[in-house]
Amino acid sequence: MKTFGERILGKSIRAVEKGQPGFGITVLFSDGTGLTVHSEVSLRMSDIPGGSYIERVTSTDQEITLHLAGDDFLTISIDRQKHDAVELFVYQDTDGTYVVAN
């Protein structure tokens, strides 16, 4: 079974949509997959062509960071001390597989 990082490595972000307050954001990838985040996020995304490509993924006990081209990134907080949501993020793959981190 692939890890979350393995599943999203190399994907390109098509759009980032903000949900209602308290309902997080949704990241849509160019291949039709998506990621919904229900916790604190930090996003730095420039408008450089091809800059939304995920080059690597790093993880600590507090956060998962999707490193994009240049200095761009998307950091997802997974710190259970700060967020008590059952699902901190949900990723839906092209084959219908859901990956939930909590």
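Me: What pattern does the protein chain follow when read along the sequence?
Reply: This is a predicted model. The secondary structure of its protein chain amounts to one helix and nine strands. Read along the sequence, these elements give the pattern α-β-β-β-β-β-β-β-β-β.

Me: What percentage of the residues of the protein chain count as buried?
Reply: The accessible surface of the chain is about 6200 Å², and carbon and sulfur atoms hold 48% of that surface. Among contacts with a separation of 6 or more, 43% are between residues 24 or more positions apart. Of the 102 residues, the share that counts as buried is 36%.

Me: Which strands stand at the edges of the open sheet of four strands?
Reply: The pairing in this open sheet is antiparallel, and the strand order is E4-E7-E6-E5. A strand with a single partner has one side left without a neighbour in the sheet, so it stands at an edge. That applies to E4 (41–44) and E5 (54–59).

Me: By how many degrees are neighbouring strands of the sheet with the order E4-E7-E6-E5 turned against each other on average?
Reply: The sheet has four strands and antiparallel pairing. With direction ignored, the average turn between its neighbouring strands is 10°.

Me: Which residue of E7 stands opposite Leu-43?
Reply: Strand E7 covers residues 73–77 and pairs with E4 over four bridges, in the antiparallel sense. Within E7, the residue opposite Leu-43 is Leu-74.

Me: Which residue in E6 is the bridge partner of Ser-59?
Reply: Ser-59 belongs to strand E5. E5 and E6 run antiparallel and are joined by five bridges, and the two strands form a hairpin with three residues between them. In E6, the bridge partner of Ser-59 is Ile-64.

Me: Is Ser-59 buried or exposed?
Reply: The C-alpha atom of Ser-59 lies 9.5 Å from that of Ile-76, a residue 17 positions away along the chain. The relative accessibility of Ser-59 is 55%, and the cut-off for the upper class is over 50%. Ser-59 therefore counts as exposed.

Me: How does Glu-55 count at 46% relative accessibility, and which residues does Glu-55 touch?
Reply: Glu-55 is in strand E5, and its C-alpha is 9.5 Å from that of Ile-8, with their positions 47 residues apart in sequence. A value of 46% falls between the limits of 20% and 50%, so Glu-55 counts as partly exposed. Not counting residues up to four places away in sequence, Glu-55 touches Leu-9, His-67, Leu-68 and Ala-69.

Me: Why does the aromatic pair of Phe-4 and Tyr-91 tie together parts that are apart in sequence?
Reply: The structure holds two aromatic pairs. In the pair of Phe-4 and Tyr-91 the ring centres are 5.8 Å apart and the planes stand at 75°, an edge-to-face arrangement. Phe-4 lies in helix H1 (residues 4–8) and Tyr-91 in strand E8 (residues 89–92), so the parts joined are 87 residues apart in sequence.

Me: Which residues form one aromatic cluster?
Reply: Phe-4 and Tyr-91 are both buried, and Phe-29 is buried too. The rings of Phe-29 and Tyr-91 have centres 6.4 Å apart and planes at 65°, so this pair is edge-to-face. Phe-29 lies in strand E2 (residues 25–29) and Tyr-91 in E8, so the pair ties together parts 62 residues apart in sequence. The cluster consists of Phe-4, Phe-29 and Tyr-91.

Me: Which residues have the most contacts inside the largest nonpolar core?
Reply: In soluble globular proteins, nonpolar side chains tend to be buried together. The largest nonpolar core here has 18 residues, and H1, E2, E3 (34–37), E6 (63–68), E7 and E8 each supply at least two of them. Phe-29 touches residues that include Ile-8, Leu-35, Ile-54 and Tyr-91. The residues with the most contacts inside the core are Phe-4, Phe-29, Leu-35, Leu-66 and Phe-89.

Me: Is Arg-7 buried or exposed?
Reply: Arg-7 has its place in helix H1. Leaving aside neighbours within four places in sequence, Arg-7 is in contact with Met-1, Lys-2, Tyr-91, Asp-93, Thr-97 and Val-99. Its relative accessibility is 13%, and the cut-off for the lowest class is under 20%. Arg-7 therefore counts as buried.

Key
Residues numbered from 1 in each chain as written. Predicted model: local features only at pLDDT ≥ 70, side-chain atom pairs only at ≥ 80, totals over all residues. Heavy atoms only, no water. Pairing = 2+ DSSP bridges. Axes fitted to C-alpha atoms, helices over the stretch in contact; angles between N-to-C directions. Buried < 20%, exposed > 50% of the residue type's maximum accessible area, 1.4 Å probe, protein only. Contact = heavy atoms within 4.5 Å. Areas by Shrake-Rupley, 256 points an atom, 1.4 Å probe, with all protein chains shown as cover. Phe/Tyr/Trp six-rings, centres within 6.5 Å; stacked < 30°, edge-to-face > 60°. Core = buried A, V, L, I, M, F, W, Y, C linked by side-chain atoms within 4.5 Å.
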